[in-house]
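Visitor: I would like a close look at a single part of this structure, namely the packing between two helices and the core around them. Please take it step by step and then place it in its wider setting.

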Amino acid sequence: MPKIYIPTPLRKFTGNLSQVEIQGATIAEVLNNLSTDFPGLKNYLFSADGKIPSFINIFVGEDDIRNLNSEKTLVEKESVISIVPAIAGGSVDDVSFSKNELARYHRHIIIPEFGLEAQKKLKKSKVLVIGSGGLGSPLLLYLAAAGVGHIGIVDFDIVEDSNLHRQVLFGVSDLGKPKVEAAKERLESINPYIQIKAHNTQFTSQNAMELVAEYDVIADGTDNFPTRYLVNDACVLSGKTNVYASIFQFEGQVTVFNYVSKAGERGPNYRDLYDAPPPAGLIPNCAEGGVLGVLPGIIGSLQALEVIKVITDVGEPLSGKLYTFDALSFQSRTFAIKRRDTNPLNGKNPSLFELIDYEQFCGMKAVDRKGKEIKVEDFLLAKANGEDFQLIDVREPEEHLEKNMGGELIPLGTIMDHAIKIETDKKVVIYCRSGKRSSSAIQQLEDKFGFTNLYNFKGGILEFVDFENSKLTEK
Amino acid sequence: MIRIPFKLNQDLIAEIRSKTEESCGFLLGKSFENGQKVDSFMPIKNSSEGDKSKLFTISAQDYLNAEQYVDQQGLILIGVYHTHINQPAMPSELDIEFAFPDFYYIIYSLVNFAFSEVRCWRIDSQREFREEKIEYSL
């Protein structure tokens, strides 16, 4: 009969015998008979699927049966079979954590449903956050704090004082700095174990595909329709998940677009929810319509939560569901969103295969461009210093007669026809009653003729009169 | 629970720090009422055919030699130590796959070959690693 060598850890099951003799013509037969004679061995010789487990090596003579015929290897009467624990292992994971990182993320890691696995996925992931404003602030803070390994930020804006009531990423010392740079600095101070990449540019049809390609998950924190359609289309065309949030005054929305479930089913996207943009001007953005500062804090945090769930596969992401939150009534509701056959990106008859001009599609600008301005004090100083500039009044003739600052009259309605009268090689200051019409004039002139030397007189004639009056009172 | 003399643990750390790749070896000792007591360790050549900065294997021959040695000395094989380089001292999937029931697996984490942490693990009947307390003795 074949002899079987038993290793020390298993001898407790064989009555301390180091060698036993067992009948059988193949390894499989011998092992089966062995575990019949010594039932305690069964769990060591066979894994749940009936195979020889990885932690056991079996030798016939000098040869590992994996190099012979595995379980079917024939044995002879005089064969010596050895069971030897296979001792192997190693640190094969490609994501590693330092001791400090493990300490940092300890409270994540100890959640049973989360654990080191989810933390590893976070560290490995690359998330692109588009817009570092009201939503982007809490979103970026929490993604960075949670340990998302690579975060990209796209924004072209600079930090302004009127941002600080909701954009908690920034402080007074950041005023005037590009948002992406101020954000990068702040996030690096929170978490030195992650990489932050600042893309100080507008997200446009020209750069969208290239930017999105670098990342696994995209989070849309933008504030206007053209960019939302753009982010959506870029994500669908690149097969990336788009974690979406938006806010307006007292209401917020969150959902996850273009998410592929574990079963391989792709969820709806922005175009399934809104097949066409609203008429231009119907829905104002935060700059125009206002927003309660804490609302983006709440909604951006929910967005961060969904990003983390998408990355880690923990829980059920808000795919196919639109969550809405009303801050005034504290009501939240979740609506079902379904994919539509008419979706031009991935419906029955797709017609969109590349990015388009989204400002044209939505009939509105993605960005409120802020032109150059001149304050009344600076204007008077420049005048006193004899600086050479052209002054234009875009109000109506009767307003011009009533009170003017000596500007050339070209009413707003006629300005495009009289563009030839406007100088191109020196400073041109344009004014109206409050600064609104002159701003519109500047935008039109810049868009159509490419002027770069136009300055809006801040606050218009009203500001000028106020200033004059205050000077009078001082005297 | 596993009990290791403090000095022995320090010698072991010095040994693994002297290597340039993952190192491995056996822990030899005796049983006592609350667990196992390590008396000595036996460094073994890393026979992995893969990337030795990440993987280790103890050959069957080295295992059999070690077993013969402990038999002669009246000791037992308590378990195996190995290092994780720039990785935490937590079992990898490969560690779990190859974990032999009852053996104590001590993992030393080295960061840039400086000692970072040590933890001890044992596989349970569900094939999941459970952490074992390490007690240092004089």
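Guide: Helices here are DSSP runs of H or I with at least four residues, and strands are runs of E with at least two, both numbered from the N terminus. Counted in this way, chain A of this predicted model has 17 helices and 19 strands. Of the 475 residues in chain A, 37% are buried, and among its contacts with a separation of 6 or more, 66% join residues that lie 24 or more positions apart.

The helix pair to examine is α5, residues 115-124 of chain A, with α12, residues 294-312 of chain A, whose axes come within 9 Å and cross at roughly 105°. Because angles of 65 to 115 degrees count as roughly perpendicular, α5(A) is described as roughly perpendicular to α12(A). On the side of α5(A), the contact is made by Ala118(A), Lys121(A) and Leu122(A), while α12(A) brings Ile308(A), Ile311(A) and Thr312(A). Sorted by class, this contact of α5(A) with α12(A) has 4 nonpolar residues, 1 polar residue and 1 charged residue.

Helix α12(A) also matters for the account of the interior, where the largest nonpolar core has 63 residues, and Val127(A), Leu140(A), Leu143(A), Ile151(A) and Val307(A) are the ones that touch the most other members. The largest share of this core, 8 residues, comes from α12(A). Taking Leu140(A) as an example, and leaving aside its neighbours within four places in sequence, one finds it in contact with Val129(A), Ser132(A), Ile151(A), Ile153(A), Leu169(A), Ala183(A) and Leu187(A). Apart from the largest core lies another core, of 59 residues, which includes Phe56(B), Tyr81(B), Leu110(B) and Trp121(B).

As for the wider setting, the contact between the chains takes 24 residues from chain A and 34 residues from chain B. On the chain B side, the elements that give two or more residues are β4 (55-58), α2 (60-73), β5 (76-85), α3 (93-98) and β7 (114-123), and the largest share, 6 residues, comes from β5(B). By class, that side of chain B has 19 nonpolar, 7 polar and 8 charged residues. Strand pairing also links the two chains, since strand β6 of chain A, residues 87-90, and β4(B) pair in the antiparallel sense over 4 bridges, with Ile87(A) standing opposite Ile58(B) in β4(B).

Note on methods:
Residues numbered from 1 in each chain as written. Chains lettered and ligands numbered in written order. Predicted model: local features only at pLDDT ≥ 70, side-chain atom pairs only at ≥ 80, totals over all residues. Axes fitted to C-alpha atoms, helices over the stretch in contact; angles between N-to-C directions. Parallel < 35°, antiparallel > 145°, perpendicular 65-115°, else oblique. Contact = placed C-beta atoms within 7 Å. Nonpolar A, V, L, I, M, F, W, Y, C, P; charged D, E, K, R; others polar. Core = buried A, V, L, I, M, F, W, Y, C linked by C-beta atoms within 7 Å. Buried ≥ 20, exposed ≤ 12 C-beta atoms within 10 Å, placed from the backbone. Pairing = 2+ DSSP bridges.
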